[in-house]
Amino acid sequence: MQNSALQTPSAAQWEAVLAFRDLPILKETRDALRVELKNPQVSFESLVPVAERDPALCWHLLQKAVSHNPGCREQIHGVYNCLSLLGMQELIILVKKLPVIEDHPEDASQKVYRQALYTAHMAGCLAAQWASAKGTPTSTAYWSAMLANSILWPWLLLDQSSHNWFHYLSEGDDLSTASRKVFGNSPENWKRLVRRHNLPDPVVDMFQRDKLPERKDWRRLRKQDPRDLDTGRQLIHKSQSASMLALTAANTAWHLHINPEGERSQRWLAMSSHAQGRRYPTLVSESRKVQLDEARLRKSALASGIALLTTPRPEALSYPKWTPLPEVAPAYAATTSPNDTTAKVVQAEPDVRSEAEIDKVSAPETQSPTKPARHGSAYLSKLMGQLSESPASFGDWHYLMQGVLKGIHLGIGIDHAIVMLPGKNRSSLRTVYSENPDGLTPLSSTSIPLQVAPLLRQLMKQSAAVHITPATCGRYFKGMPPELADALPQELLLMSVHAGRDPIGIVIAANSGNKAISKAQYQRFRQLCTTTSQGLASLRQLSAQKNKSADKPHKTARQTS
C-alpha cells in the first residue's frame with residue numbers, strides 16, 4: 001500500500017491497516033528463544049525475559065491469548081499471563097511461523113519498524129522504573145507503555161509515507177502534531193485500531209479525552225507540580241493514572257531517541273516529574289540509565305539516543321522526508337496484486353558474461369556487417385516491435401539488454417546509457433551493460449551501495465521512471481555523498497526494469513556536457529524500458545517452460561527404471 005502523494009490516508013488504507021496482522025518479530029528474539037527451548041529445564045521464568053525484549057512478540061502473544069480466551073483481556077498484564085493461558089507449545093508454534101526482521105535490514109520500512117520496536121521497549125522500561133519508584137506494579141506499567149504506540153507499527157510496514165512521522169519528530173514536532181500531519185485528525189480510526197488490537201485498558205484510556213488532563217491542565221503541568229496548587233486535586237488524580245504513566249513514558253522515549261537534550265525531551269521529562277511528584281534531576285538520571293541499558297541490549301548507541309549525549313555539543317537525529325517517486329509504470333501496476341503489501345520477491349540475477357563477451361554483444365539489427373545500422377525512429381520502432389512480439393529472437397537477457405542500450409543511443413539519440421544490476425546480497429548496484437559509459441562516471445566505474453543512494457534504493461523497490469533536470473537534481477541527489485552527487489550529470493533519465501515482479505535493475509541515460517533531454521526523448525525512454533520489462537518477463541516464462549520440458553524425460557526415465 002503506497003500513497004501516491006503526501007496526503008492523509010483514505011478509508012481503504014485505514015481498513016488495510018486494521019486488517020493487518022503480520023507484524024514481524026526481531027530475528028535475535030527467535031534465535032534466543034530457540035536456544036532457551038532446547039534447554040531441558042526450560043520454564044516460563046526463563047522464557048519471559050527473552051520474550052519481553054520484543055514488543056512485536058508481546059503483541060502477538062496478547063492477540064493469541066485474547067482470541068483463545070475471550071474476555072480475559074483485563075487480566076493480562078504481561079508475557080507471563082499470556083504464556084499461562086496459551087502454554088509453551090503455542091509459543092513454539094507462534095515463533096516458528098511469524099516473519100522476522102533481520103539484524104541489519106536494507107528495506108527502509110523494516111528499518112523504521114525495528115526502531116519503533118526499540119523505542120517501545122525503552123518506553124516500557126521507563127514506565128516500569130517510574131512505577132517502581134511510586135510503589136505500584138511494574139508489570140502493568142511496562143506492558144501498557146510498551147504497547148502504547150503499537151497502532152503505528154502496521155503503518156510503517158504498509159505505507160512508506162508514514163515514515164514522515166519520524167521526519168516531523170526530528171524536525172521538532174510533538175507526537176500528536178506529527179500524527180495529525182501524516183495521518184490526519186482521525187481519533188476514531190485510532191480508537192478502532194486500539195479496540196481491534198485488544199490493547200490494555202491504560203492504552204484504551206489514552207484515547208479517551210475525559211481520562212487525561214485538559215489542555216489548560218497540560219500547560220500547568222509543564223510548569224509546576226499540581227500538589228503545589230490549591231485546586232490541583234483533580235489534576236493530581238489524573239496524573240497518577242496508569243494511562244498517564246503509559247502516555248508520558250511512550251512520548252518521552254521517542255523524544256529521547258530523537259534528541260535527548262532537546263526542548264521536547266526536557267518538556268516531557270518535566271511533565272513526568274510534576275505528574276509523579278518527583279524531582280526533575282532524578283527522572284533525568286533514571287532516563288539516562290534506561291537509555292544506556294537499551295543501547296547495550298540492542299548493541300547500538302543510536303537506538304536509544306545515548307550516542308547523541310557523547311558529542312561535543314548537543315545533536316539530534318535527522319530522519320529524511322519521504323516523497324513519492326513520480327510516474328509508476330503501468331506495466332508494473334498491472335502485475336502487482338493490491339493485497340501483496342509485504343512480500344519481497346528477490347529476482348534471480350542473470351548470469352554475467354565476461355567483459356570480452358559483453359563487448360561483442362550488440363542489437364540484432366547491427367550484428368551483421370553487411371547491414372548498416374538505421375538511426376532514429378525507424379530503428380527504435382523495429383527494436384520495440386522485436387521486444388514485444390518476439391523477445392526470444394534475442395537469445396537471452398544479455399543480448400536483449402545490450403540491444404536496449406543500442407536503442408537508447410541510436411533510436412532515441414541519447415549519448416550514454418548503462419544498466420545497473422544488484423549484487424548477490426542486493427545491497428549495492430554495479431554496471432553490467434553499457435553503451436558509451438564514460439559520460440556516466442562514477443556510476444559506470446564503481447559499485448554503488450544502495451545505503452548511500454536513496455534514489456537508486458527507491459527505484460529498486462518499485463518500477464518507476466524519473467527525469468532529473470538541473471532544477472531538480474538537488475532534491476533527487478539528496479542523501480548522496482557530495483563526491484558522488486557532484487560527479488553525476490545534472491540531467492539524467494532513470495527507470496527500473498523488471499521481469500514480471502520486483503525490479504531487477506535500473507536503466508540510466510544521459511547526454512554529454514549536460515545537454516538537455518527533451519520531453520519526447522523522455523517519453524520514448526519510458527516506453528522502451530516498459531517494453532523491455534515485458535520482453536524480460538516473456539523470456540523468463542519461456543525459460544521456465546523449457547526447464548519443465550527438460551525435466552519430463554528424466555522423470556519418465558526414472559519411473560521406467
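In this predicted model, the structure holds 19 salt bridges. Side chains of opposite charge can pair when their charged atoms come close. Several of these pairs are described below, followed by an account of helix α17.

One such pair is formed by the side chains of Arg 114 and Asp 103, which meet in a salt bridge with a distance of 4.0 Å from N to O. The two partners belong to distant parts of the chain, since Arg 114 is found in helix α7 whereas Asp 103 is located in the loop between β2 (100–101) and α7, and 11 residues separate them. Their surroundings can be described through relative accessible area: Arg 114, at 5%, is buried because its value falls under 20%, while Asp 103, at 38%, counts as partly exposed because its value lies between 20% and 50%. This pair is also part of a wider arrangement, in which Glu 28, Asp 103 and Arg 114 are linked in a network of salt bridges.

A second pair consists of Asp 107 and Lys 461, whose closest N and O atoms are 3.8 Å apart in a salt bridge. Asp 107 lies in the loop between β2 and α7, and Lys 461 lies in the loop between α24 (454–459) and β6 (465–468), so that this salt bridge ties together parts of the chain that are 354 residues apart in sequence. Asp 107 has a relative accessibility of 17% and therefore counts as buried, whereas Lys 461 has a relative accessible area of 23% and is therefore partly exposed.

In a further salt bridge, the side chains of Glu 286 and Arg 278 meet at 2.5 Å, again taken from N to O. Both Glu 286 and Arg 278 are buried.

Helix α17 comprises the 14 residues 263–276, and its length can be checked against expectation: at 1.5 Å a residue the helix should span 20 Å, and because its end C-alpha atoms are 20 Å apart, the two values agree. The helix is mostly covered, with 10 of its 14 residues buried. Among these buried residues of α17 are Ser 265, Trp 268, Leu 269 and Ala 270, together with Met 271 and His 274. The buried residues of α17 pack against several other helices, namely α7 (108–134), α14 (215–223), α15 (233–239), α16 (242–258) and α18 (280–298). Helix α7, which holds Arg 114 of the salt bridge described above, is thus one of the elements against which the buried residues of α17 pack. After α17 comes Gly 277, whose phi is positive, near 70°.

Technical notes:
Residues numbered from 1 in each chain as written. Predicted model: local features only at pLDDT ≥ 70, side-chain atom pairs only at ≥ 80, totals over all residues. Heavy atoms only, no water. Helix = DSSP H or I, 4+ residues; strand = E, 2+ residues; numbered from the N terminus. Expected span 1.5 Å × (residues − 1). Buried < 20%, exposed > 50% of the residue type's maximum accessible area, 1.4 Å probe, protein only. Contact = heavy atoms within 4.5 Å.
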